Amino acid sequence: MGSAFGRFCMQFFCCCCVTDEEDDDEKEPLLPPDPLEFFNREVQKRKDEETNLWSTPGDPSHSERDDDRTLYTLIQARNKTRMGSTGYRRLSVDIEAMRDTRREVRDKWKTILENLGFMAEADSLLNVSAGASQDRMRDAAAARAMLNLLHTETSIFNSSKNPPPERYLFILDRLIYLDIAEDFVAKAKRFYPPKDSDDSDEDPMGLGINLPLLLARVEAMNGVPDDDDDDDEEKSYESDRS
């Protein structure tokens with residue numbers, strides 16, 4: 001009786017009349033308080049994923065891998081830096097350099113997929129969302145073996161010293177399901193044969209990116225105020241990159 005009366009109050013008066021614990025679920029909103037804000041947040045999240053191409057897309061903290069952690073640290077530092085300042089421009093250069101490296105790898109994969117006849121589907125096959133989970137993969141072991149093979153026997157990744165990005169594990173799982181994974185690996189070996197060890201020693205990150213140096217620079221900048229007139233410091237920065 002009390003429960004029925006509580007539901008009656010909730011329907012015709014206000015939710016404060018409901019005191020029974022069994023009615024708590026009925027109070028939970030089916031939609032977020034601001035659907036537009038939720039939608040905008042999801043759009044921004046998708047844009048962030050496509051822009052940064054996180055190596056471990058399922059890691060929301062972006063801290064599991066050194067390269068993700070470095071890129072995330074640079075982005076956070078730039079967000080706290082005055083736009084247009086010397087420090088902001090420096091950070092932007094480093095951020096874009098890391099993004100270019102990731103886009104270069106993605107473009108290699110896209111080239112092979114298009115060569116295999118997947119012109120229209122290449123972008124969809126290469127899209128990996130933050131919700132990707134190895135638990136939902138069809139053949140994680142086979143995908144892992146192929147990822148390691150691509151890493152050691154091709155130059156499709158810009159560095160053979162660092163572990164391959166985990167995002168491509170999910171892509172390979174899709175290719176295995178489509179029965180084109182072996183063809184993809186064969187094309188990768190043909191298009192991107194392994195580089196000489198001397199070349200990889202010269203440029204381990206593909207674009208001359210030194211992760212420890214970037215992190216050290218960000219930490220140093222956090223303790224130094226921005227100053228557009230600091231020409232000496234900017235010259236020193238440029239000499240580090242050359």
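**Exercise 1.** In which loop is Asp179 found?

*Solution.* This is a predicted model. Start with the helices on either side. One is α8 (167-177), and the other is α9 (181-191). Asp179 is found in the loop between them.

**Exercise 2.** Describe the backbone and the surroundings of Asp179.

*Solution.* Begin with the general rule. Most residues other than glycine have a negative phi. Now check the residue. Asp179 is not a glycine, yet its phi is positive, about 65°. Next, take the relative accessible area, which is 67% for Asp179. Exposed means over 50%. Asp179 is therefore exposed.

**Exercise 3.** Is Leu53 buried or exposed? Place it in the chain and give its phi.

*Solution.* First, the place. Leu53 lies in the loop between α3 (35-52) and α4 (66-79). Second, the backbone. Leu53 has a positive phi of about 45°, although it is not a glycine. Third, the area. The relative accessible area of Leu53 is 6%. The cut-off for buried is under 20%, so Leu53 is buried.

**Exercise 4.** Which residues of α9 are buried, and why do they line one face of the helix?

*Solution.* List them: Ala181, Phe184, Val185 and Ala188 are the buried residues of α9. Then look down the helix axis. These buried residues fall within an arc of 100°, so they line one face of α9. Now turn to the other side of α9. Glu182 and Arg190 are exposed there. Last, find the packing partners. The buried residues of α9 pack against α5 (86-115), α7 (140-153) and α8.

Conventions
Residues numbered from 1 in each chain as written. Predicted model: local features only at pLDDT ≥ 70, side-chain atom pairs only at ≥ 80, totals over all residues. Heavy atoms only, no water. Helix = DSSP H or I, 4+ residues; strand = E, 2+ residues; numbered from the N terminus. Buried < 20%, exposed > 50% of the residue type's maximum accessible area, 1.4 Å probe, protein only. Arc of directions from axis to C-beta. Contact = heavy atoms within 4.5 Å.
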